[in-house]
2 protein chains.
Amino acid sequence: MTSPADRRAQVVGTGLIGASIGLALRERGWRVTGRDRDAARAGRALALGAVDELGTDPAAEVTFVATPVSSVAAAAAEALAAGPGLVTDVGSVKAPIVAAVGSPRFVGGHPMAGSEQEGVEGADAALFEGATWVLTPDDRTDPDAFARVRALVAGLGADVVALSPERHDELVAVVSHVPHLAAATLMGLAAEGAVAHAALLRLAAGGFRDMTRVAAGHPGIWPDICAENRAAIVAALDRLVVALGRTRDSVAAGDRAGLLALLEGARHARANLPSRAVQPEALVEVRVAVRDRPGALAEVTTAASALGVNIANLDLAHSLEGDRGVLVLVVAAADGERLRAELAGRGYRPAVGSLG
Amino acid sequence: MTSPADRRAQVVGTGLIGASIGLALRERGWRVTGRDRDAARAGRALALGAVDELGTDPAAEVTFVATPVSSVAAAAAEALAAGPGLVTDVGSVKAPIVAAVGSPRFVGGHPMAGSEQEGVEGADAALFEGATWVLTPDDRTDPDAFARVRALVAGLGADVVALSPERHDELVAVVSHVPHLAAATLMGLAAEGAVAHAALLRLAAGGFRDMTRVAAGHPGIWPDICAENRAAIVAALDRLVVALGRTRDSVAAGDRAGLLALLEGARHARANLPSRAVQPEALVEVRVAVRDRPGALAEVTTAASALGVNIANLDLAHSLEGDRGVLVLVVAAADGERLRAELAGRGYRPAVGSLG
């Protein structure tokens, strides 16, 4: 392994996320080259110390594409063509990007912190500490590329969750995109009423202010997100409309038990929203031979996520025979057997052991 | 006018709101008698100094009914039957209560602060300072009773807004009840997904947490609120479902301009949510003769609210002839002429002048 001082990274797009990655990497001794289609923003990133220099670095070990979602695929393809390094991105929609790029050296990513169009001025080397950072390997992803990108973003302090690109997009539609659109729609309804009645918004107390806070954000990124994640957003909005119709029918029918069940359930779920992941004290290794199994990496990591098993560390061990890869997943001791059984059910022959 | 030391009030229901009213009144020299169907809660209110004594006071000048909405009408009727004083309430739904009570001595009210079922432990004499407190006079309300209740709650530091009971219920359905139900429904959808996928809720970042915060509240009061405000909630949920359908169609059609308009509009409306009312420097009096006009009080005050004109003070002046009432509204100088023109258009003969 090269020493940190020799490691070179590239950041394309120096908004909040790109510049924060630059700051975090430089803090860890990397040399970072950056660029932005907005020359003034690139200049501010340089002035803030988020990059060592402006321009391109074909020899970069890894390129982070941190542009708005609609231009990620093109920027990633360009970086892949320019040099032999790995490429990852931070776009909030994954399936269309991963499908369009389609390279073993590309690992789709999405740190759940800030937004790719917020200002470089808010950049912070600590932005990702404790944040969830989703990586979305698919059948074409090289396991070694995945393991290296995974180690890199975990090194920035993030909790890494592996999901298939499609599953990621469905989930963020439910927990991010649709809530945002629903808040905006609700705010629009209230504002409509307010045209006829200025008193309306004086009545808007804390709950309404909380609910519509996201609607105060910059709208610019949303047409892109809605276009890129169209199918998942439409499906989730359809589910929300059906569920609201059920709520409406419960109110109309005076179904007290139904309403109470809805509200109790929501309260329970809200109270159990996980906060930052907790690192368990006892860990085990689950070793899985993945030779000749294309897509094994994606299958294994997304199976772990589906079980709710957090992967504390992941590495790809190459056997002496060369291509015989072994995935080494480090998980909580309490989760080892569950993960082993799940993978065995999928035809793998995993082994659980203490940390090597 | 009697001196504060002689003024006696009664509080029925000593939860957060009732106990806060008791504390605020006692701070202003009133003698407060209180009761609660939960004897332990009444005892805590006494221990906290929210009431002088437990029990009933048939000679109370005013009774505040601060019970859950479903029992307000019965408690108000009981207080009206027990003595000659005024009765007001703090229920979050108004039309069914005002219709059921139907007394000239009853003035419906709703302070937009806290909830009638939160604990007495959070009681605070300053709870209403700067908060909006809606009063809902109707055709049967005695203008003098309204003016006295108005002065009383304004004296607790609240900004008083007069609305018809029906209009109040429509507005709170939009800014409070439906947002609450929508947040719970959204939380339910996300939790459904989470059963199959524990990673889901790890992805729930700030916006989702903000939006669903209200879903963490006590569900107990909501079946009552939904029952009492059924028509307005169903109508507002229907509008939300239609509006979400339009948002969904914009996403499905890739209508970037439509989405941007929705989000820009919501952002603008959110940024313009009024905060606390500002007391203007220059004030004028608008005097309106209301003799022989039943419902004039409700019409005049709700017309002012509909114009967005804040009534800084309101009094009922009785002429020497006895029944010739004159409403005296104190409003910002900038609003005087607007209000006069509106009332003239409704057949009144208002006069604007400097403060008497």
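These legends walk through three close-up views of a predicted two-chain model.

Residues are numbered from 1 along each chain as its sequence is written, and chains are lettered from A in the order in which they are written. Because the model is predicted, local features need pLDDT of at least 70 and side-chain atom pairs count only at pLDDT 80 or more, while totals for chains, interfaces and linings use all residues.

**View 1. Helices α10 and α11 of chain B pack together.** Helix α10 (residues 230-252) and helix α11 (residues 256-271) of chain B meet at an angle of about 140 degrees, their axes 8 Å apart. That makes α10(B) oblique to α11(B) (not under 35, over 145 or 65 to 115 degrees). Here B:Thr247, B:Ser250 and B:Val251 of α10(B) meet B:Gly258, B:Leu259 and B:Leu262 of α11(B), with contact taken as C-beta atoms, placed from the backbone, within 7 Å. By class, this contact of α10(B) with α11(B) has 3 nonpolar, 3 polar and no charged residues.

**View 2. Chain A touches chain B.** The contact takes 81 residues from each of chain A and chain B. On the side of chain A that touches chain B, α6(A) gives the largest share, 19 residues. That side of chain A has 54 nonpolar, 15 polar and 12 charged residues.

**View 3. A two-fold axis relates the chains.** A turn of 180 degrees and a shift of 0.0 Å along the axis lay chain A on chain B with an RMSD of 0.1 Å. That is the relation of a two-fold axis. Of the residues of chain A, A:Met211 comes closest to the rotation axis, at 1.9 Å (C-alpha).

Methods. Axes are lines fitted to C-alpha atoms, for helices over the stretch in contact, and angles run from 0 to 180 degrees between N-to-C directions. Helices (H or I, at least four residues) and strands (E, at least two) are DSSP runs, numbered from the N terminus. Two residues are in contact if their C-beta atoms, placed from the backbone, lie within 7 Å. Ala, Val, Leu, Ile, Met, Phe, Trp, Tyr, Cys and Pro count as nonpolar, Asp, Glu, Lys and Arg as charged, and the others, Gly among them, as polar. Copies are superposed by least squares on the C-alpha atoms of residues with pLDDT of at least 70 in both.
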